[in-house]
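Work through the exercises below with the sequence and the coordinates open. Each task is followed by a stepwise solution.

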Number of protein chains: 2
Amino acid sequence: MISEKMMGLGKKRSVIREIFEYGNKRRQEIGAENVFDFSLGNPSIPAPEFVNETMKRLITEKDSVALHGYTSAQGALPVRQAISDHINKRFSIGATPDLLYMTCGAAASLTITLNALINSGDEVIVLAPFFPEYRVFAEKAGAEIKVVKCRENDLQIDFTALENALTKNTKAIIVNSPNNPSGVVLSEDTIKELAELLNKKSAEFGTDIYIIADEPYRELVYGDVEVPYIPSYYNNTVVCYSYSKSLSLPGERIGYIFVSPRLENCTDVYAAVCGAGRALGFVCAPSLLQYTVAECLGLTGDISVYEKNRNILYNALTEYGYTAAKPDGAFYLFIKSPEADANAFCERAKKYELLLVPGDDFGFPGYVRISYCVSTEMIEKSLPSFLKLIKEYR
Amino acid sequence: MISEKMMGLGKKRSVIREIFEYGNKRRQEIGAENVFDFSLGNPSIPAPEFVNETMKRLITEKDSVALHGYTSAQGALPVRQAISDHINKRFSIGATPDLLYMTCGAAASLTITLNALINSGDEVIVLAPFFPEYRVFAEKAGAEIKVVKCRENDLQIDFTALENALTKNTKAIIVNSPNNPSGVVLSEDTIKELAELLNKKSAEFGTDIYIIADEPYRELVYGDVEVPYIPSYYNNTVVCYSYSKSLSLPGERIGYIFVSPRLENCTDVYAAVCGAGRALGFVCAPSLLQYTVAECLGLTGDISVYEKNRNILYNALTEYGYTAAKPDGAFYLFIKSPEADANAFCERAKKYELLLVPGDDFGFPGYVRISYCVSTEMIEKSLPSFLKLIKEYR
C-alpha cells in the first residue's frame, strides 16, 4: 500500500554497508589494528583548520538572523558570485551567479539535475564502473539506465560501445572523473572524442544530449595530472560539484550545480534546476556552509596523505602481480580480481582480514574496489596480507 | 525536451516573492522604515545564544573527521536517541531512534514522507488554507491533491466536507497545526473527531489513511494553548518536524521525520522513508546541525516577541473591524478581506504601504495573510494604515 519501491530501497542493505558491519564485528573480535578495512569512501583527513576557523568566525561575527536565515533558493548571491568568479579564474568559462545553484552536496546536485532534465522514459547512460546510486537517482527521476562498460585495460571510454548505446531517447550521460570506484581520470583525448561523438549523434537525432559532469573528486588528483574541465569541451554540460571530499566535509552537505553558459537553452535548464530543487524539498543549501565555502575557495585538506597512500598501495600491489588501471585521483584503486568471481575473491581476502568491495555493484564484475582513504600505517601493515592473498592464485 | 514541469516551477515566481520584490523597490524609494512588509514568514528573532555557543564548542572540541563526516543516512544514533528520549518525555509515545529519520528541514521531511507513502494516482488531502508548496511536493511524488476547506469562522476542520473528500484512494491527509497561513491551532476535539472519522473510513475502505503532521510551528504557541500531539490520538501518523522556527535556524535545514510506533506497519513505513530519502538525494542531514540540535532540545528563541506582536496586531485589527480566526500559534494572522477579491484588497493596501499576501495561493480566496515575524515597532507604526484602509470600506 505504501511505495514498495522506496521500501525496497530502504530495506536493502548496500554491499559496502554489509562489509563495514562485518568489519565492526572483526574489530571487536581481534582488535581494530588487525582489520584492514578498505570498504568505505569517507575522507580520512580533517577539514582544513581554516574551514573550522571560518565557521566559528561567521557564527561570532555575523548577525544570527542573517547567518541562519533562509538564503534565496539558489543560494546566497554573494556566495554564488564568489564561486562563479572562482570558476572563471580557473576555467575562463563565463560562469555567472545566475547559472549556479547551491545544493546539499553531490547527491542532491545529481538528483536535482536529473529531475530537471528527465522526462519519463528518457535514457541516461552511465559508464561502468559507476557509483551505484546513479541508478537509484536516475530511475527515481523517471529515466531508464543504460550501462556502457569502459575499456578493461585503462578504464577510458569504449566509444564503439557508447555509440551503440546512444539513441534518440538518450537525454544524458553521467561522467565521473576522477572516478569512483577506480580513481581513473578521463584523458583530454577521451573528453574530446566524447564531445565529438555526442555532437554528431545529437545532430543526427535532432536532440540535445547533456553531459552531467559529477565532479566531487576534481581536487583530489596526484602528480601533474590535469582533469579536463568538460564545459570547455562540450557545450551541453551541467557540472555537479561537492565540497565533501575537497574540504573533508561530507556530513555537512554542501555543493553546487553549475549550468554551462555555453548550453544553448541554459536559462531554461537553470529554471528547471530551480524547479526540481523546489519539488524535491531542497529549500536552500545549509546557510552557514554556503558562507563558509565561499571563503575557502581553492583550499583542500592535506591530500598529500592520499597521494602517499596511492603510491604505496599501487606500487606494492602491481609488484605483487595485481593489475589495475593507474588511479590518478580520488582515493580508490580498482584491481582485477585474480579469479573471475570478485565476490569469491573478496570472501577469500577476509581470511587475511582484508575488507574489499566487489565490483559487481559498480557494474563491473571481476574487479574489486580498494578505498585508500585510511591511515598510511594501516596500508603498510596490510601489504603482507595482499601478498599472501595473491600467492594463493599462483 | 527537458522537464517542462520543473522548468515551469522554476520560472514561476511565487506571489510572496513578487510582493517582497515590490517591497524592496518601495524601501529604496521611501525608506525601509516607511514600508510595512508583512509578506515573509522568516523568523525575526535570533537563534538562542546557546545554539551558537554549542556550534562553536562542537567545532572546537569534536574531532573534525567525526564532526563533519557522514552520519548514518537516518542520522547519528546518539542524536536520534536524544531526540526520541525528548519526544517520550513530552508525549510518552514510545519513540525509538529506529523510527526517527533526521532531515534537511520540514520541506525535506514532507517530500521524503510523501515519496515513501505515495503510489502514482493516490490522493492526498490538504486542508485549506494550506502552505502552497504542499501541492508542489505531493504532485511531484505522484499524488493527486484534494483540497478541503476549513470552516470560515474558526478554521477548524469541516468534517462534512472532509468525509465527502475521503475515498479508497486517499493515502494521506496533511495536518498543519499551528497553521501557516492562519496561526490557528486545531483543538483537541477536532483532532479526536478527525481520528474517529479516519478510523471509520479506513475500516470502510479497507485501506490505511495516514496523517502527515507537519509541525514546524509546534513550539510557537501563546498563552496556555496546548497543541494536541497527533500520534497520541491517531495511530497511522507520521510527524514531520523542523527546528527552523523554534530555534530560528531556517537556513540551516535541520528537522526530522518520526514514524509513530503505533503505526501498524511502522517498520515498513520507516524503511520506505529511508528509501525515499536515498532516492531523492538526501545522504544525511547536515552533521554539525544534527549534533547541535541534540544539545538544544526544548530550547526556543525568545518567542515572547511573537506573542506581543500577535496581541498588538490581533487586538487592534479586530477593534478596527477586521475579522480573523484567533491565531494561537505560529506568526501569522489570516484576516477576512473586506471585499470579496483579496487581490484587489492587497492592491489597495499598498496605497498605505501595507504589504499583505492574498489567500488565493493558500487555497482560501477572500482572505489575507499577515506575517507578524517583524519588529514590534513596525507593527505599532503600521496600525494607522490598517485603520485608514478599512475605513475605505465603511
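The exercises concern a predicted model and go from the overall form of a chain to its symmetry, its charged pairs and one sheet.

**Exercise 1. Overall form of chain A**

Task: Describe the secondary structure content of chain A and decide how its radius of gyration stands against the globule rule.

Solution:
- Step 1. Chain A holds 14 helices and 12 strands.
- Step 2. Its radius of gyration is 21 Å, and the globule rule gives 21 Å for 394 residues. Chain A is therefore as compact as a globular protein of that length.
- Step 3. Along the principal axes, the C-alpha atoms of chain A occupy a box of roughly 60 × 55 × 55 Å.
- Step 4. Of the 394 residues in chain A, 62% are buried.
- Step 5. Take the contacts in chain A between residues at least 6 apart in sequence: 75% of them join residues at least 24 apart.
- Step 6. The exposed area of chain A is about 14,000 Å², with 49% of it supplied by carbon and sulfur atoms.

**Exercise 2. Relation between the chains**

Task: Determine which operation lays chain A on chain B, and name the kind of axis.

Solution:
- Step 1. A turn of 180° with a shift of 0.0 Å along the axis places chain A on chain B, with an RMSD of 0.0 Å.
- Step 2. This is the relation of a two-fold axis.
- Step 3. The same surface serves both copies, since 99% of the contact residues of chain A recur in chain B.
- Step 4. Within chain A, the residue that comes closest to the rotation axis is Lys56(A), its C-alpha lying at 2.8 Å.

**Exercise 3. Salt bridges between and within chains**

Task: Find the salt-bridge partners of Glu133(A) and Arg278(A), and state whether each of the two residues is buried or partly exposed.

Solution:
- Step 1. Side chains of opposite charge can pair when their charged atoms come close.
- Step 2. Glu133(A) pairs with Arg278(B), with 2.8 Å between the closest N and O atoms. The bridge crosses between chains, from helix α7 of chain A to helix α10 of chain B.
- Step 3. Glu133(A) has a relative accessible area of 16%, under the 20% limit, so it is buried. Arg278(B), at 24%, is partly exposed.
- Step 4. Arg278(A) pairs with Glu133(B), again with 2.8 Å between the closest N and O atoms. Here the bridge runs from helix α10 of chain A to helix α7 of chain B.
- Step 5. Arg278(A) is partly exposed at 24%, and Glu133(B) is buried at 16%.
- Step 6. Now consider a pair inside chain A: Lys200(A) and Glu163(A) form a salt bridge with an N to O distance of 3.0 Å. This pair links helix α9 (residues 188-205) with helix α8 (residues 159-165), the two residues being 37 apart.
- Step 7. Lys200(A) is partly exposed at 43%, and Glu163(A) is partly exposed at 28%.
- Step 8. Over all chains the count comes to 48 salt bridges.

**Exercise 4. A sheet in chain B**

Task: Give the strand order of the open sheet that contains β9, β11 and β12 of chain B, and identify its edge strands.

Solution:
- Step 1. The order is β9-β12-β11 in chain B, with antiparallel pairing.
- Step 2. The edge strands are β9 (332-336) and β11 (357-358), as each pairs on one side only.
- Step 3. β11(B) pairs with β12 (residues 367-371) of chain B over 2 bridges.
- Step 4. Pro358(B) stands opposite Val368(B) in β12(B).

Note on methods:
Residues numbered from 1 in each chain as written. Chains lettered and ligands numbered in written order. Predicted model: local features only at pLDDT ≥ 70, side-chain atom pairs only at ≥ 80, totals over all residues. Heavy atoms only, no water. Salt bridge = Lys/Arg side-chain N within 4 Å of Asp/Glu carboxyl O. Helix = DSSP H or I, 4+ residues; strand = E, 2+ residues; numbered from the N terminus. Buried < 20%, exposed > 50% of the residue type's maximum accessible area, 1.4 Å probe, protein only. Least-squares fit on C-alpha atoms with pLDDT ≥ 70 in both. Contact = heavy atoms within 4.5 Å. Pairing = 2+ DSSP bridges. Rg over C-alpha atoms; globule rule 2.2 N^0.38 Å. Areas by Shrake-Rupley, 256 points an atom, 1.4 Å probe, with all protein chains shown as cover.
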